[in-house]
Every structure is written in C-alpha cells, then in structure tokens.
Amino acid sequence: MVDECYIKSMWSFTLVVLLLVSFSIAEDPYRFYTWNVTYGDIYPLGVKQQGILINGKFPGPQIESVTNDNLIISVFNSLDEPFLLSWNGVQQRRNSWQDGVYGTNCPIPPGKNFTYVLQVKDQIGSYFYFPSLGMHKAAGGFGGFKIASRSVIPVPFPPPAGDFTILAGDWFKKNHTDLKAILDGGSDLPFPDGLLINGRGSNGYTFTVDQGKTYRLRISNVGLTTSINFRIQGHKMLLVEVEGTHSLQNTYDSLDIHLGQSYSVLVTADQAAQDYFIVVSTRFTSQVLTTTSILHYSNSAGSVSGSPPSGPTIQLDWSVEQARSLRRNLTASGPRPNPQGSYHYGLINTTHTVRLQNSAPIINGKQRYAVNSVSFIPADTPLKLADHFNIPGVFSLGSISNNPTGGGAYRQTSVMAADFRGYAEIVFENPEDNVQSWHIDGHNFFVVGMDGGQWSPASRLTYNLRDTISRCTVQVYPESWTAVYMPLDNVGMWNVRSENWARQYLGQQFYLRVYSPANSWRDEYPIPTNALLCGRAAGRLTRPV
C-alpha cells in the first residue's frame with residue numbers, strides 16, 4: 001500500500017511543484033529534493049535498532065543551498081505513523097507555514113507525502129533538519145543543512161580545501177517508541193548509552209584531509225539531552241561562524257556545543273602525516289561519555305597514536321568564559337554585502353521585556369517540565385491553522401505570562417502574543433542545577449549577557465551592546481540567566497522550546513505569535529495551496545472556490 005502511494009505521488013510530483021512555486025520568488029534559483037522516509041535496521045552502538053532513514057540513509061542527505069535559494073523538498077512518509085520535518089535555524093521568512101512543527105503543520109499521514117517550499121532568504125550558515133514529532137529524533141531522520149554565501153558576497157576567510165558536516169550527540173540503545181513510553185509514563189529518560197558522530201560510534205567515521213590544506217568543519221549537537229565538547233588531537237580550531245553569523249576569528253583547543261547549537265571552524269592539517277583522534281565527550285555529567293572519529297591525512301605514515309586528548313568535564317566557569325568570548329565580526333558581510341556591524345542592535349530601544357523561567361514540576365503524579373509555570377500540551381489542531389481559520393477554543397493569547405508567576409504548575413496550550421516590528425528583551429532564567437538550551441524558531445537574537453544568580457534590571461549594566469554574537473539557540477547555565485535582544489521581524493506562529501528533547505516533549509515549550517494587522521503578502525505569505533488540514537481545520541479550503 002505504501003509503495004503504491006509512493007509511486008502515485010511521484011507521478012504527481014511535477015504538477016504539485018508547478019502549483020507551489022508560483023508563490024515563491026521567481027528570480028532566485030530552485031533546488032529540488034525528493035525524500036522517502038522509511039524504517040530501517042541500524043547498529044550505531046552495536047545493538048540492532050529501528051532507525052528512521054531518509055532515502056535509505058542515516059543520517060539523512062545533506063541539503064546544499066545558497067542564500068535566497070528556493071528549496072522544493074517532497075517528503076514521502078513510508079512509516080506507519082505520522083511524520084514531520086523541521087529545519088533548525090532556517091528562519092522561514094514570512095512563512096511559518098513551512099516550519100514543520102506541530103504548532104504550524106499537520107503531520108504527514110502514513111503513506112502520504114507533503115512538499116515543503118522553503119526559501120533560505122537572507123541567510124548563510126550551518127544548520128540541521130530533524131523529525132519534530134514525538135521522540136522520532138531519537139531514531140534518526142536528521143541531516144545537515146548548509147547555506148553558502150552568494151558568489152558576489154565576500155567571505156572573511158579564504159575558500160577552504162573541503163567542507164565537512166559533523167552531526168554529533170548523545171544516543172540511546174532503546175527504540176524511540178520505548179523512550180516515548182518512559183516519558184508518557186511520568187518518568188524522565190535514563191542516562192544516554194553513548195555518543196555518535198555522523199551516526200556511528202567510536203572510530204566509525206573517517207575524515208580524509210591533505211597535509212598543509214585548511215578545511216571547514218560544520219559541527220552541530222543533534223543529541224537529545226546532553227551538552228558536548230568537541231576537539232581534535234594536535235590541532236587548533238579557528239571559529240568563523242555561529243549559526244549564520246560570521247564570528248570574530250578566535251582560536252580554540254576545544255569547543256562546548258550545547259543542544260541544538262551549530263558552529264563552523266577552520267582546521268589546518270599542519271601536523272605530521274598520520275591519523276589523529278576527533279573527540280566528542282559529554283559536559284556537566286557525573287559519568288563522562290566519550291566517542292571518537294578519525295582525522296586521516298591522505299599521505300598518512302601511521303595510524304592514531306596515544307590516547308584521545310582529554311577535555312573539560314564539569315568545569316562551569318571555563319564554559320561561561322568561552323561563551324562570553326564569542327563575538328560578531330563587525331566588518332564581515334553576512335548574507336548581504338553590508339557589514340554585520342552596520343546593524344547597531346545595542347542602540348535600539350526595547351519595546352518590552354519577557355522573562356522565561358524553566359521548572360521541573362510533578363503534575364498529577366507525573367514528571368513534567370514548564371515555562372513560567374505552564375507545561376505545554378499540544379492542541380487538537382495546529383495553532384497556525386486555528387489562527388488562520390479563526391477557529392475558537394484551540395488556544396488563547398496570553399495563556400502564558402511574560403514573567404515567572406511563582407505559582408503552581410499546570411498544563412495548557414500556551415501562546416504568547418507579540419507585535420510585528422517590536423524589539424524584545426528576553427531573559428531566560430534557570431533556577432535548576434543543570435544546563436538549559438533554548439531555541440526560538442523564525443528568528444535570530446543577540447546574546448547580550450549571561451551570569452550566575454538572579455537577573456535584575458541592574459544586570460543590564462553588564463550587557464554587551466556592541467559586538468555580541470547573533471544566533472538562534474543559546475545555553476543557560478545552572479542557577480544562572482541569559483539575556484537576549486530579539487527583533488520581532490518575522491510574522492507567524494513560532495515555537496520557543498527547550499532543545500533538551502525530553503523536556504520539550506513534556507512541556508518546556510510554547511508558541512510566540514508575531515502578529516501584523518496588515519494582512520499583506522509583504523508581511524506574510526498566504527496559506528500554501530497544498531497545506532495539510534487536520535483536527536478542526538479538516539475540510540476547510542486553502543483558497544476561495
């Protein structure tokens with residue numbers, strides 16, 4: 001049945017694309033991807049598991065794009081359960097319809113397909129895509145997403161000899177259905193069983209380089225629960241990009257990469273001709289997990305020697321200082337020719353302040369997670385569809401406070417209202433004893449400050465208002481706060497979530513509705529003609545008859 005649907009969908013694919021691309025920018029290039037999502041046996045830690053494969057691959061195929069490209073990605077769901085893909089860090093300008101989370105999109109039913117129409121408008125950088133429903137991310141289905149600069153835009157370093165994507169993170173031997181059952185039963189996940197680099201365990205992956213040449217490594221933490229540290233035996237790393245921002249080019253021996261974060265570094269193969277360990281290890285965990293892959297010199301005279309280099313384990317101050325060292329390259333161009341420093345984020349008056357405090361309450365005898373005392377529960381209809389069709393009773397604006405309440409936690413479909421073209425100060429407050437990692441879809445923000453203890457208005461005196469990094473995912477250290485400035489420049493319904501996937505699944509998320517009263521294509525694209533409709537939106541029309 002699934003194969004028959006797949007074949008029929010392939011025949012109709014060209015017609016669907018012709019209908020869809022009429023709503024994209026005609027002058028910019030198109031890239032076409034056709035993906036079949038299936039189950040398959042994988043053995044990343046030596047134990048047979050049911051993995052989620054894309055075109056038979058784990059991890060999935062790399063997306064290669066250039067600023068402003070239109071991407072037509074037709075996804076055929078050959079699983080026996082609904083499926084969605086989301087695009088971590090891709091901003092979907094004016095187009096939250098393509099964001100691929102349940103708050104914006106109906107899941108793709110088993111045996112059916114959906115064609116995403118994305119434009120990587122005014123973006124460069126290193127990102128990844130992932131399956132957003134349930135605990136699918138624990139089974140794979142993720143891959144790299146690269147947005148290169150246009151040829152007319154200068155890049156602040158010479159072209160590297162090669163470009164490698166590294167998808168690293170923690171991994172569990174249990175299938176995703178078993179992990180979901182643990183969470184549904186009211187418990188937290190156990191400690192991970194290991195770490196993977198590009199879907200493989202220790203020494204399972206090799207990166208081949210030529211001696212004397214320089215290479216770009218795009219590194220993302222695609223794990224579920226754990227921060228990691230990344231390092232290469234005998235080699236320094238020159239940081240050049242952080243989630244779409246060209247950075248001040250500092251040199252590091254190792255990098256902390258928190259859940260959902262992405263970095264680009266340049267590494268020069270300037271050592272003796274042999275093989276070297278690439279090492280990933282967990283951070284801030286009582287038990288330290290480590291995995292390795294190999295940096296192989298093409299003229300290598302020998303295999304790896306010695307032990308993998310050790311890295312930081314529980315050192316908190318070290319990580320904080322490294323985070324504060326991340327700076328924007330003010331003279332470099334971003335996706336446009338004007339220098340990144342021409343946007344003076346620190347001189348703009350904020351329109352309002354939002355304080356977001358995470359917590360880990362027990363509700364009705366089960367472990368849940370919450371933001372400002374609200375533990376998110378999905379509605380029966382995607383919020384974006386309910387908003388578009390004016391369906392009452394799905395969500396209420398203001399169902400989550402802009403500040404910590406100090407009250408008891410409860411479950412709610414929480415949506416926060418925001419006005420288009422506002423400029424928000426957002427303070428993430430973490431009273432717990434573990435590291436948090438927060439992501440906001442559809443936006444980048446400026447990380448103006450972070451420190452221990454309780455945030456107060458006086459904390460603003462410590463803000464970096466000149467050259468801090470701009471990114472879409474940020475860590476908050478234990479019993480600490482992190483403050484960001486965020487332009488509300490993208491109309492839509494946007495997911496604000498913990499990148500710890502157990503916490504996200506059990507309620508540490510909400511949606512930010514950025515609203516413009518203009519109802520204009522200038523501010524937001526119309527609902528796609530091929531939008532899947534479900535819940536209380538089923539049977540409605542995406543266009544007037």
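**Warm-up.** Is cysteine 472 buried or exposed?

Cysteine 472 comes out buried, at a relative accessible area of 1%. The cut-offs here: buried is under 20% relative accessible area, exposed is over 50%, and partly exposed is in between, with a 1.4 Å probe and protein chains only.

Before going on, a word on the model. It's predicted, so local features need pLDDT of at least 70 and side-chain atom pairs count only at pLDDT 80 or more, while totals for chains, interfaces and linings use all residues. Residues are numbered from 1 along each chain as its sequence is written, and side-chain values use heavy atoms, leaving out hydrogens and water.

**Exercise 1.** Work out the strand order of the open sheet that holds β4, and say which strands are at its edges.

*Step 1: the terms.* Strands (E, at least two residues) and helices (H or I, at least four) are DSSP runs numbered from the N terminus. Two strands pair if DSSP finds at least two bridges between them.

*Step 2: the partners of β4.* Strand β1 (residues 30-42) runs parallel to β4, with eight bridges joining them; in this pair, tyrosine 30 stands opposite asparagine 70. Strand β6 (residues 113-119) is antiparallel to β4, over seven bridges. There, isoleucine 72 has valine 117 as its bridge partner.

*Step 3: move outwards.* β1 also pairs with β2, antiparallel, over six bridges, and aspartate 41 sits opposite glutamine 50 of β2.

*Step 4: assemble.* The order is β2-β1-β4-β6, an open sheet of four strands with mixed pairing. β2 (49-54) and β6 are the edge strands, since each pairs on one side only.

**Exercise 2.** Describe how the residues of β4 point and whether they are buried or exposed.

*Step 1: sort by direction.* Asn70, Ile72, Ser74 and Phe76 point one way, and Leu71, Ile73, Val75 and Asn77 point the other way.

*Step 2: check the cover.* Eight of the eight residues in β4 (residues 70-77) are buried.

**Exercise 3.** Find the disulfide and say which parts of the chain it ties together.

*Step 1: search.* With a disulfide taken as a pair of cysteine sulfur atoms within 2.5 Å, the whole structure yields one.

*Step 2: identify.* Cysteine 106 is joined to cysteine 534, S to S 2.1 Å. The link is left-handed, with -95° about the S-S bond.

*Step 3: place it.* Cysteine 106 lies in the loop between β5 (85-88) and β6, and cysteine 534 in the segment after β36, so the pair ties together parts 428 residues apart in sequence. Both cysteine 106 and cysteine 534 are buried.

**Exercise 4.** Characterise the largest pocket by volume and lining.

*Step 1: the rules.* On a 1 Å grid over the protein atoms alone, a pocket is an open set of points where a 1.4 Å probe fits, with protein on both sides within 12 Å along at least five of seven lines; lining residues have an atom within 4 Å of a point. Volume is the space filled by probe spheres set on the points, which are joined across faces, edges and corners.

*Step 2: the numbers.* The largest pocket holds about 1200 Å³ of space. Its lining has 47 residues, with Gln91, Arg93, Lys121, Asp122 and Asp489 nearest the centre.

*Step 3: the contributors.* β6 gives the largest share of this lining, three residues.
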